[in-house]
Amino acid sequence: MWNNFEFVNPVFFWLFLLLPVLILWYLWKRKQQTAALKISSTQGFKTQKNWLAKLKPLLFVLRLVALSALIVAMARPRTVDESTRTKTTKGIDIVMAIDVSASMLARDLRPNRLEALKEVAARFINARPNDRIGLVEYAGESFTKTPLTSDKSIVLSSLKSITYNNIIEGGTAIGMGLGTSVNRLKDSRAKSKIIILLTDGVNNSGVIDPKIASELALEFEIKVYTIGLGTNGMALSPIGIRPDGGFQYGNQQVEIDEVLLKEIAEATGGKYFRATSNTKLEEIYEEINKLEKTDIEEFKYTNYDEKFRPWVLLALGLLGLEFLLRYTVFKGFV
């Protein structure tokens with residue numbers, strides 16, 4: 001209740017120290033003004049209680065309360081209501097190009113590469129509330145899963161639905177994935193445009209050369225961060241399909257074209273990362289999140305509701321009542 005209440009001039013509360021002095025002065029003055037009559041006996045006087053005489057100190061009480069109200073008014077009480085509004089001044093458009101080839105089902109990351117990526121990418125998306133994000137899938141060919149949007153619920157739902165399927169042509173078309181991502185960003189008016197390209201293999205299919213795609217990214221001022229996903233050495237990967245349709249797993253050598261990924265990143269002003277574990281993958285996305293900052297302008301609005309006026313009106317009312325009583329009801333006792 002009192003969190004947004006304040007006094008602008010609390011120093012005036014020191015004036016309350018004068019009230020005890022005024023009370024002492026009133027008691028002393030009243031004693032001095034009281035007449036004394038000495039007689040031998042009061043039996044001849046008919047006693048009658050006069051209630052007006054007993055209520056006379058009420059005038060002084062009214063004045064004290066009026067002075068107290070004036071002191072509170074001078075301290076200037078008020079309530080403060082603050083509200084803020086944020087405005088993104090330099091938004092970033094981000095396209096995440098995700099390799100969905102069969103090798104992404106390798107189990108060197110838990111539970112596999114694709115699911116580990118989806119978990120970390122979801123946290124990255126949630127950490128970018130002020131940016132537009134789109135998703136591109138690629139294997140032997142590529143397509144846009146989600147166009148650029150600021151609706152994170154749509155992006156997260158699309159990310160969750162990404163799975164390996166045999167509808168997309170097999171292989172790893174890094175150039176196709178990068179080219180489709182560039183196409184989604186080339187008309188963007190955002191202050192900064194970036195692509196996060198993730199793969200666990202080498203470019204072995206597609207009609208677009210990765211180097212040409214990186215030149216297009218550079219032409220449209222798009223920065224590309226590349227991530228090579230997979231452990232060093234051998235990884236438990238799909239090597240065939242069983243009669244029931246499930247994958248047969250076996251150890252295979254991890255092959256990632258790190259030279260190509262580094263060239264793409266360097267050519268566009270980005271950076272290459274190697275994710276060999278779940279923890280390392282998470283650290284990579286956290287680093288990208290820190291490297292690409294969105295400038296946010298915050299506007300703060302403060303509304304002051306002054307509360308001193310009722311105290312002034314109360315003081316004036318009490319002083320008026322005291323004046324009225326002093327010169328009407330209590331006139332004969334003043």
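**Exercise 1. Look just past the end of helix H3: which residue takes a positive phi there, and of about what size?**

Solution. Step to the residues just after H3 and you land on arginine 76, whose phi is positive, about 60°. Keep in mind that you're working with a predicted model here.

Now go back into the helix itself. H3 covers residues 58-74, which makes 17 residues. At 1.5 Å a residue the helix should span 24 Å, and its end C-alpha atoms are 24 Å apart, so expectation and model agree. As for what is tucked away, the buried residues of H3 include Leu59, Phe60, Leu62 and Leu64. Further along, Ala66, Ala69, Ile71, Val72 and Ala73 are buried too.

**Exercise 2. Arginine 76 turns up again in a network of salt bridges: which residues are linked in it?**

Solution. The network links Glu6, Arg76, Arg78 and Glu306. Take one pair from it: glutamate 6 and arginine 78 form a salt bridge, with the closest N and O atoms 2.6 Å apart. This pair ties distant parts of the chain together, since glutamate 6 sits in strand S1 (residues 5-7) and arginine 78 in strand S2 (residues 77-90), 72 residues apart.

Next, check accessibility. Glutamate 6 has 29% relative accessibility, so it counts as partly exposed. Arginine 78 comes out at 13%, which means buried, because the cut-off for buried is under 20%.

**Exercise 3. Work out the order of the strands in the open sheet, and find which strands stand at its edges.**

Solution. Reading across, the 6 strands run S5-S4-S3-S6-S7-S10, with mixed pairing. Strand S5 (142-149) and strand S10 (272-275) each have a single partner, so they stand at the edges, with one side lacking a neighbour in the sheet. On average, neighbouring strands are turned by 15° against each other, direction ignored.

Zoom in on one pair. Strand S6 (residues 192-199) and strand S7 (residues 222-229) run in the parallel sense, paired over 7 bridges. Here leucine 197 stands opposite threonine 226 in S7.

**Exercise 4. Find the residues that touch the most other members of the largest nonpolar core.**

Solution. This core has 32 residues, and the ones to pick out are Met96, Ile227, Leu281 and Tyr285. Among the elements that each supply at least two core residues are strand S3 (92-99), strand S4 (132-138), helix H5 (152-160) and helix H9 (278-291). Helix H4 gives the largest share, 7 residues.

Try following tyrosine 285 by eye. Leaving aside residues up to four places away in sequence, tyrosine 285 touches Met96, Leu117, Val120, Phe124, Ile196, Leu198 and Ile227. There's also a second, separate core of 23 residues, with Ala97, Val182, Ile222 and Ile256 among its members.

**Exercise 5. Compare two more salt bridges: are arginine 113 and lysine 223 buried or partly exposed?**

Solution. Start with arginine 113, which bridges to aspartate 108 with the closest N and O atoms 2.9 Å apart. Arginine 113 is buried, at a relative accessible area of 3%. Aspartate 108, at 18%, counts as buried as well.

Then take lysine 223, whose side chain meets that of glutamate 292 in a salt bridge (3.1 Å, N to O). Glutamate 292 lies in the loop between H9 and strand S11 (295-306), while lysine 223 belongs to strand S7, 69 residues apart. Lysine 223 is partly exposed at 26%, whereas glutamate 292 is buried at 6%. For the overall tally, the structure holds 20 salt bridges.

How values were computed:
Residues are numbered from 1 along each chain as its sequence is written. This is a predicted model: local features need pLDDT of at least 70, side-chain atom pairs count only at pLDDT 80 or more; totals for chains, interfaces and linings use all residues. Side-chain values use heavy atoms; hydrogens and water are left out. Two strands pair if DSSP finds at least two bridges between them. Helices (H or I, at least four residues) and strands (E, at least two) are DSSP runs, numbered from the N terminus. Axes are lines fitted to C-alpha atoms, for helices over the stretch in contact, and angles run from 0 to 180 degrees between N-to-C directions. The expected span of a helix is 1.5 Å times one less than its number of residues. Buried means under 20% relative accessible area, exposed over 50%, partly exposed in between (1.4 Å probe, protein chains only). A nonpolar core is a set of buried Ala, Val, Leu, Ile, Met, Phe, Trp, Tyr and Cys residues joined through side-chain atoms within 4.5 Å. Contact means heavy atoms within 4.5 Å. A salt bridge is a side-chain nitrogen of Lys or Arg within 4 Å of a carboxyl oxygen of Asp or Glu.
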